[in-house]
Amino acid sequence: MSAPINVISGGLERGEVERRIAGASPGWKVEIEREIYYPYHWVLLRYAASTLLGKSAVPIWVVVDARTRIAATTDPFELAPVEREQLKTTTIVDPQVPATDAVGIAQRYAAYVMRNRHKALVVPQVDLLEQDLVYKPMSTVRLSREGEQSFRVLVDAMSGAFHALSTTPRDTIAPRPQRLM
Amino acid sequence: MNTTVVSFLVLYYVVVLGIGFWAMRRGASDDLEGYLLGGRDVGPLVTALTLQSTSMSGYMFLGAGSLAYTTGYWSLWFAAGDIGGGVLNLSIIGRRMRKLSQMTGSLTAIEYLEHRYPSPATRFIAATLSVFLLSFYVLAQFIAGGKGMALVTGLDYEWALLIALTIIIVYTFLGGYLAVAYTDFFQSLIMVVGVVWILGAALAHVGGFTAANVALREIDPTILSIWGRDLGFQGQWGVVAGAILVFSAGYMGWPHVVTRHMAMKRPGTARLAGAYATLWNLLFVPAPYIVGILAILILPQLDDPELAIFELARVLLPAAVTGIVMAAIMAAIMSTADSLLLQTGSIASRDLYERFINPTASERQMVWVSRGLVFVIGAIGYWVALAEPPAVAFIVLFATSVLGSAFAPAFVCAVWWRRANTPGAIASMVVGAVTAIVWEMLALAATTTLAPMSAGIAASTVTIVVVSLATQKLAPVAPHILAAMDETARVGSIPKKMLAMSDFALRPEAEEIEALFDGDEGSR
């Protein structure tokens, strides 16, 4: 029996995802195609630096995209363990970035963010407090209308944010250059 | 030295430091990161004023007043460019640039330029220009800080400059407190209330706008002219265009810091924060210029026009209010200087030292490179500010003109012109910067009626077009960049409303999921 995965809980229900997309595209038929769990390395860090007013220490939540290596700070969230067997109709995207790499990326990003917030040229101490591989719920939604080419959007089920997926064959698009973060 | 003014100045700093100290202590134990990093939990008003306060500098309090005092209503061309600049930036490049930045994973404007125009030379030239010109901008803050400190404390300029500069550098080296939203909000609120208060007091003193204009006409009718005192710029649209462009297109050249934040709840403050920011600009940007114009009537024999706003505050406001307002202005100057030094040090260490000299540099080495540069800037800045201090307005206008001339066409073409390529952008940056510098140094505006900004932008625009077209075969634009630029076209019939609401920060995840699903499913 495989280990459960940690899913970020509190996402939008199917109906709410459809309503949000329908609201942004009046007159189009909206249909959820896939429910997806997308992998991120969640890293909780403690950023400490000495200042004129004493030692400042702040906890920072960072997530690193487990496929593209892109880091971002994040709002706090809650996790719920889910057995893989319960997710037969859901696509679970495999991570490609090792956890050790993710911690390094997160530490560097946290130092960059905090130096700008701190406004001080200090050497910070960025300690790892916790880390985990977490999955965020997303959906792909197809939109169709008579006489128009249908298209799909990716919906972030946590924030309700969405982005259109391409309608052109992927082999016409060259890969991006390697990211700096 | 006015004891009441100094007492309230001290009180102001105690309050600001108190907020910072409280926030730091709270940050160690509570979940402070929400508003520290994302600014979401503090509401749209605090978010808007926090963002705006960081863009206020010594120029607004010394340069703008001085320009208005010496040139009259003509100076409002600069204010028009400043007010319209945000709208222009948003409408011309804002959304597209943000989209492309997110798609290419760029964190700073320099990274963005290198991703769009791939070449180490792009980064080297952009970083070198930024370090050089940001240093100029910092010099303006040093001078503004020195003059402000001298006026408030009554010390000689030499000593006041040394104290201001030492505070700024020590603060940058060691850090004081976290620049939390509430300290920035408090500071910006005091600034806007203070400047509007000075404006109101000045208007009351001269009997209102109409009476002021009548009185100004009696002194010199050309003060009221849009062509400047003595009609010095009559018909010179090239100079007027430069005045408007310097704070609209010019801002495109400043290196920005972008951080990514992943929302786990839907942020609802952004739109309202934008409205508050626009309101702030309308209220705040013209005020220092108008105060400078009114100072012509109230303080006609002013020795140093750069101190027009400080002197008016001292003459017109109660001592306690003067102390608080002056403290807020000094805090703004020091905060801007601190931010600029940090930016300059970061660009030098990250974009030049780590990239071209020591790719395996540790965090500690990078910090020491930054500190070394900050120390050198401080030493040179003190010497220049002491020996022959240039006008704050001149330095800011010079630095902004050169940055805008170097970078604005490269930024605009990056999102609007598919054929803009790396050789074109590099040549454009160099030609634009050199043209604006030469124009300023040789005072060519007087003979050509073209401001350095106008000449620089024209030269860099022509260069990027000609060189890009001439080198299309030699250096074609990479397919992944064209694909990113074509995002709108690629999604075909997507409704405009949906496109406008799309979150391009999701683009990397979307690409990954497209790649995964292409194997078993194409578009129907």
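Helices and strands are taken here as DSSP runs, with at least four residues for a helix (H or I) and at least two for a strand (E), numbered from the N terminus. On that basis, chain B of this predicted model holds 24 helices and one strand. Of the 524 residues in chain B, 60% are buried. The accessible surface of the chain comes to about 20,300 Å², and carbon and sulfur atoms account for 68% of that area. Contacts within chain B often span long stretches of sequence: among those between residues at least 6 apart, 81% join residues at least 24 apart.

A good place to look more closely is helix 16 of chain B, which covers residues 363–387. Its 25 residues reach 36 Å from the first C-alpha to the last, close to the 36 Å expected at 1.5 Å a residue. The buried residues of helix 16 are Met366(B), Val367(B), Ser370(B), Arg371(B), Val374(B), Ile377(B), Gly378(B), Gly381(B) and Ala385(B). As a helpful reminder when reading such a list, an α-helix has 3.6 residues a turn, so residues three or four places apart point the same way.

Arg371(B), which belongs to helix 16, deserves a closer look. Its relative accessibility is 13%, and Arg371(B) therefore counts as buried, the cut-off being under 20%. Leaving aside residues up to four places away in sequence, Arg371(B) touches Phe173(B) in its own chain, together with Leu121(A) and Val122(A) from chain A.

Chain A offers an example of the opposite setting. Thr100(A) sits in helix 2 of that chain, which runs over residues 99–118. With a relative accessible area of 64%, Thr100(A) is exposed, because exposed residues are those over 50%. The C-alpha atom of Thr100(A) is 9.8 Å from that of His41(A), although 59 residues separate the two along the chain.

Turning to the pockets, the second largest has a volume of about 550 Å³. Its lining is made up of 25 residues, and those nearest the centre are Phe78(B), Leu397(B), Glu440(B), Ala445(B) and Pro452(B). Two or more lining residues come from each of helix 4 (58–71), helix 11 (237–246), helix 17 (392–416), helix 18 (422–441), helix 19 (445–448) and helix 20 (452–470) of chain B. Helix 17 of chain B makes the largest contribution to this lining, with five residues. Sorted by class, the lining of the second largest pocket comprises 19 nonpolar, five polar and one charged residues.

Methods: Residues are numbered from 1 along each chain as its sequence is written. Chains are lettered from A and ligands numbered from 1 in the order in which they are written. This is a predicted model: local features need pLDDT of at least 70, side-chain atom pairs count only at pLDDT 80 or more; totals for chains, interfaces and linings use all residues. Side-chain values use heavy atoms; hydrogens and water are left out. On a 1 Å grid over the protein atoms alone, a cavity is a set of points where a 1.4 Å probe fits but cannot get out, and a pocket is an open set with protein on both sides within 12 Å along at least five of seven lines; lining residues have an atom within 4 Å of a point. Grid points are joined across faces, edges and corners, and a volume is the space filled by probe spheres set on the points. Ala, Val, Leu, Ile, Met, Phe, Trp, Tyr, Cys and Pro count as nonpolar, Asp, Glu, Lys and Arg as charged, and the others, Gly among them, as polar. Buried means under 20% relative accessible area, exposed over 50%, partly exposed in between (1.4 Å probe, protein chains only). Contact means heavy atoms within 4.5 Å. Accessible areas come from the Shrake-Rupley method with a 1.4 Å probe; for residues, only the protein chains shown count as cover. The expected span of a helix is 1.5 Å times one less than its number of residues.
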